[in-house]
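Me: I'm new to this structure and would like a close look at one part of it. Please take your time and link that part to its surroundings.

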Amino acid sequence: MFDFATQRPRRRPSLTPMIDVVFLLLVFFMLASRFGTDMHLPLNVAGTGGGEAYQGPPRLVDIRSDGLSLNGETVALEDLPARLESLTDDRGDTIVLRTRDDATLQEVVRVMEALGTAGFTGLTLVE
């Protein structure tokens, strides 16, 4: 029959292999991750005195939380570069960006990226 009277003392599991695995995972994720890629948006701030005198027709883009307007007329973001094309002689002409209502920084950056992608470089932000 079976002898159940003798019991061996319980062994405590070793934590060393688990600590090694956690350390290796930590090192792997530290080396594999990219810490913050910086993005640079060139921007002229009105009133700094570094810009040229404004010339040509008005090019005022109002950025609102519910949309955009160009010189007071509502315009979609996709149509904005084409509309500005007819108002500028050169892609470096000054375009004034003005935030209205509760426009977020993300909305301003989105407009700046769209205009920058279209080749417009003379963006000026006013409050």
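What covers the buried residues of helix H2?

Reply: Some ground rules come before the helix. This is a predicted model, in which local features need pLDDT of at least 70 and side-chain atom pairs count only at pLDDT 80 or more, while totals for chains, interfaces and linings use all residues. Residues are numbered from 1 along each chain as its sequence is written, and side-chain values use heavy atoms, with hydrogens and water left out.

Now the overall layout. The protein has three helices and six strands, and along the sequence they follow the pattern α-β-β-β-β-α-β-α-β. Helices (H or I, at least four residues) and strands (E, at least two) are DSSP runs, numbered from the N terminus. Of the 127 residues, 23% are buried. Here buried means under 20% relative accessible area, exposed means over 50%, and partly exposed is in between, with a 1.4 Å probe and protein chains only.

On to H2 itself, which spans residues 80-87. Its buried residues are Leu80, Pro81 and Leu84. They sit on the same side of H2, because they cover an arc of only 90° around the axis; that arc is taken from the directions from the helix axis to the C-beta atoms. Turn to the face pointing away from the buried side and you find the exposed residues Ala82 and Ser86.

So what lies over the buried residues? The cover includes strands E2, E3, E4 and E5, along with helix H3. Several of these elements turn up again in the largest nonpolar core, which has 16 residues. Such a core is a set of buried Ala, Val, Leu, Ile, Met, Phe, Trp, Tyr and Cys residues joined through side-chain atoms within 4.5 Å. Leu80 and Leu84 of H2 are among the residues with the most contacts inside this core, and Val61, Leu97, Val111 and Leu115 belong to that group too. At least two core residues come from each of E2 (60-64), E3 (67-70), H2, E5 (94-99) and H3 (105-117), and the largest share, four residues, comes from H3. As a general point, nonpolar side chains in soluble globular proteins tend to be buried together.

Two residues show how this region is wired up. Leaving aside neighbours within four places in sequence, Val75 is in contact with Leu68, Ser69, Leu70, Leu80 and Arg83, contact meaning heavy atoms within 4.5 Å. Val75 is found in strand E4 and is buried, at 7% relative accessible area. The second residue is Leu97, and with the sequence neighbours within four places again set aside, its contacts include Val61, Ile63, Val111, Met112 and Leu115. Among contacts in the protein between residues at least 6 apart in sequence, 72% join residues at least 24 apart.

H2 also has charged links. Arg83 and Glu73 meet through their side chains in a salt bridge (3.0 Å, N to O), a salt bridge being a side-chain nitrogen of Lys or Arg within 4 Å of a carboxyl oxygen of Asp or Glu. Since Arg83 lies in H2 and Glu73 in E4, the pair ties together parts that are 10 residues apart in sequence. Arg83 counts as partly exposed at 32% relative accessibility, and Glu73 does as well, at 48%. Glu85 forms a salt bridge with Arg91, with 2.6 Å between the closest N and O atoms. Glu85 is partly exposed at 38%, as is Arg91 at 32%.

Among the strands that help cover H2, there is another pair to look at. The side chains of Arg98 and Asp62 meet in a salt bridge (2.6 Å, N to O). Arg98 lies in E5 and Asp62 in E2, so this pair ties together parts that are 36 residues apart in sequence. Asp62 is buried, with a relative accessible area of 9%. The count for the protein comes to four salt bridges.

One last stop is the loops beside these strands. Asn71, in the loop between E3 and E4, has a phi near 55°, a positive value in a residue other than glycine, and is partly exposed at 34% relative accessibility. Asp101 is placed in the loop between E5 and H3; its phi is near 50°, again positive in a residue other than glycine, and at 61% relative accessibility Asp101 counts as exposed.
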